[in-house]
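Here are some friendly notes to read alongside the structure. Keep the viewer open and follow the points in order.

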Amino acid sequence: MPDATPAKTAGTRPRILHVITDPRRRGAQNLARDLHRELRRRGQASALRALAPHPDAAPDAPDTLATTVLGPARLHPATLRALRSAARTADLVVAHGSATLPACALALAGTRTPFVYVSIGDPRHWTASPLRRLRTGALLHRAAAVTALADEARTLLQEHFRLPAGKVRTIPNARSADRYPPAQGEADRRAARQALGLPVDGLLVAWIGAIAPEKRLDLALDALDRLPDVRLAVAGDGPRRAALEGHPAAARAQFLGTLADPAPLYRAADALLLTSDSEGVPGVLIEAALAGLPAVATDVGWVRSVVRDGVTGALVAPGDPIALAEALAKVLAGDRAALGAAAREHVLEHCELGVVTDAWQRLFTELWGR
């Protein structure tokens with residue numbers, strides 16, 4: 001994607017500090033890394049810091065920018081002091097993910113450095129109690145701006161926390177198209193399967209995510225139980241893995257663990273399955289669409305901003321394995337190439353990293369000019 005931003009030196013643009021919860025490879029962290037990398041490529045000063053370590057965080061790959069950890073825990077006094085110190089070298093701070101909101105509100109209190117909060121989930125789930133809603137609303141009002149991943153999320157944030165309309169902006173989740181190329185024919189698909197140790201023949205569905213209760217891998221296995229000719233490749237790890245490996249349908253599921261790069265799995269699969277009870281705009285849906293893969297997903301959060309029912313895949317109500325199985329069977333039996341092409345065209349227009357970075361730079365320039 002060409003850079004649509006006028007050429008400027010780094011000194012005439014605001015210096016950006018991205019703050020993530022921890023160094024894991026998860027939704028908010030992945031968006032922060034991609035945006036950080038793209039800003040640096042465009043010549044804008046950008047730094048990335050994690051609040052605290054995490055035991056499940058994989059080491060940074062040799063070809064990636066290392067993530068500096070600020071302190072021992074998310075809201076530890078030493079962490080907040082380190083964040084306040086790091087912010088002195090920035091003009092704007094971007095807080096990615098829920099734990100970064102209180103950290104930035106506390107650490108930057110009394111300073112002249114504003115922060116932008118990136119809301120990635122559904123606030124109806126993570127602020128269910130009145131007390132939590134009140135506390136979160138107070139913190140959001142401290143931010144210079146709040147970004148939502150979809151227009152529906154923006155409206156909900158404004159109404160839920162009584163935020164001024166101009167404070168909340170819609171900037172979609174994003175991935176780089178270069179990192180998720182579609183399979184180049186059947187030979188490429190078979191080679192990707194072979195490299196992952198998957199059967200080279202037959203229908204294969206990918207499921208990618210943390211194996212945690214809210215992601216509902218159990219529903220995917222229940223649906224698989226109704227589709228005897230389909231196999232499932234599960235990429236991810238989590239607290240429910242051991243229990244779900246004993247599911248009756250697990251004999252046709254292959255647990256791959258956490259993949260450093262999921263792109264080969266997208267090329268290997270015939271469709272992506274997302275079964276969550278709660279989501280924002282999952283990055284895996286964007287990645288799969290860029291790879292030309294249709295998706296069957298639960299209609300939660302802002303999933304429909306990526307998956308268009310009947311056009312790029314299928315949407316079903318959450319918690320219904322029978323509906324999942326029926327929708328998946330329909331997608332697998334239909335014109336998968338047409339669905340995948342429509343999915344790729346849609347996300348290239350709305351969720352490609354270059355397009356989204358343009359929107360971020362416009363927001364940075366506006367806030368810096370105040």
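1. Helix 11 and helix 13 cross in the left-handed sense. In this predicted model, helix 11 covers residues 283-290 and helix 13 covers residues 336-350, and the two pack at an angle of about 115 degrees with their axes 7 Å apart. On the helix 11 side, the contact is formed by I286, A289 and L290, which meet G340, A343, R344, V347 and L348 of helix 13. Sorted by class, the residues of this contact are six nonpolar, one polar and one charged.

2. Next, please look at helix 2 (residues 77-87) and helix 3, whose axes come within 9 Å and cross at roughly 70 degrees. Because of that angle, helix 2 counts as roughly perpendicular to helix 3. Their crossing is right-handed. Helix 2 brings L80, L83 and R84 to the contact, while helix 3 supplies A103, C104, L106 and A107. The contact of helix 2 with helix 3 has six nonpolar residues, no polar ones and one charged.

3. Helix 3 also packs on another helix, so to speak with a second set of residues: L101, P102 and A105 of helix 3 meet T136, L139, L140 and R142 of helix 5. Here the classes divide into five nonpolar, one polar and one charged. Helix 3 (residues 100-107) and helix 5 (residues 130-142) lie with their axes 10 Å apart, at an angle of about 55 degrees. That angle is why helix 3 is described as oblique to helix 5. The crossing of helix 3 and helix 5 is left-handed.

4. Now for the sheets. Which order do the strands of the seven-stranded open sheet follow? It reads 3-2-1-4-5-6-7, and the pairing is parallel. At the edges stand strand 3 (68-69) and strand 7 (168-170); each has a single partner strand, so one side of each is left without a neighbour in the sheet. As a reminder for anyone tracing the ladder, strands of a sheet pair through backbone hydrogen bonds, either parallel or antiparallel.

5. For a specific pair to check in that sheet, try strand 1 (residues 16-20) and strand 2 (residues 46-50), which pair in the parallel sense over five bridges. I20 is a handy landmark here: A50 in strand 2 stands opposite I20.

6. The other sheet to view is an open one of six strands, with parallel pairing and the order 10-9-8-11-12-13. Strand 10 (253-257) and strand 13 (313-316) are the edge strands, each pairing on one side only. From one strand to the next, the twist averages 20 degrees. Edge strand 10 pairs with strand 9 (residues 230-235) in the parallel sense, over four bridges. Within this pairing, A233 stands opposite Q254 in strand 10.

7. Finally, a word on charged pairs. How many salt bridges does the count come to? The total is 20, and one worth displaying joins the side chains of D91 and R15, at 3.1 Å from N to O. This pair links distant parts of the chain, 76 residues apart. D91 sits in the loop between helix 2 and strand 4 (92-96), whereas R15 belongs to the segment before strand 1.

Key
Residues are numbered from 1 along each chain as its sequence is written. This is a predicted model: local features need pLDDT of at least 70, side-chain atom pairs count only at pLDDT 80 or more; totals for chains, interfaces and linings use all residues. Side-chain values use heavy atoms; hydrogens and water are left out. Axes are lines fitted to C-alpha atoms, for helices over the stretch in contact, and angles run from 0 to 180 degrees between N-to-C directions. Angles under 35 degrees count as roughly parallel, over 145 as roughly antiparallel, 65 to 115 as roughly perpendicular and the rest as oblique. A crossing is left-handed if the near helix is turned anticlockwise from the far one by less than a right angle, and right-handed if clockwise. Contact means heavy atoms within 4.5 Å. Ala, Val, Leu, Ile, Met, Phe, Trp, Tyr, Cys and Pro count as nonpolar, Asp, Glu, Lys and Arg as charged, and the others, Gly among them, as polar. Two strands pair if DSSP finds at least two bridges between them. A salt bridge is a side-chain nitrogen of Lys or Arg within 4 Å of a carboxyl oxygen of Asp or Glu.
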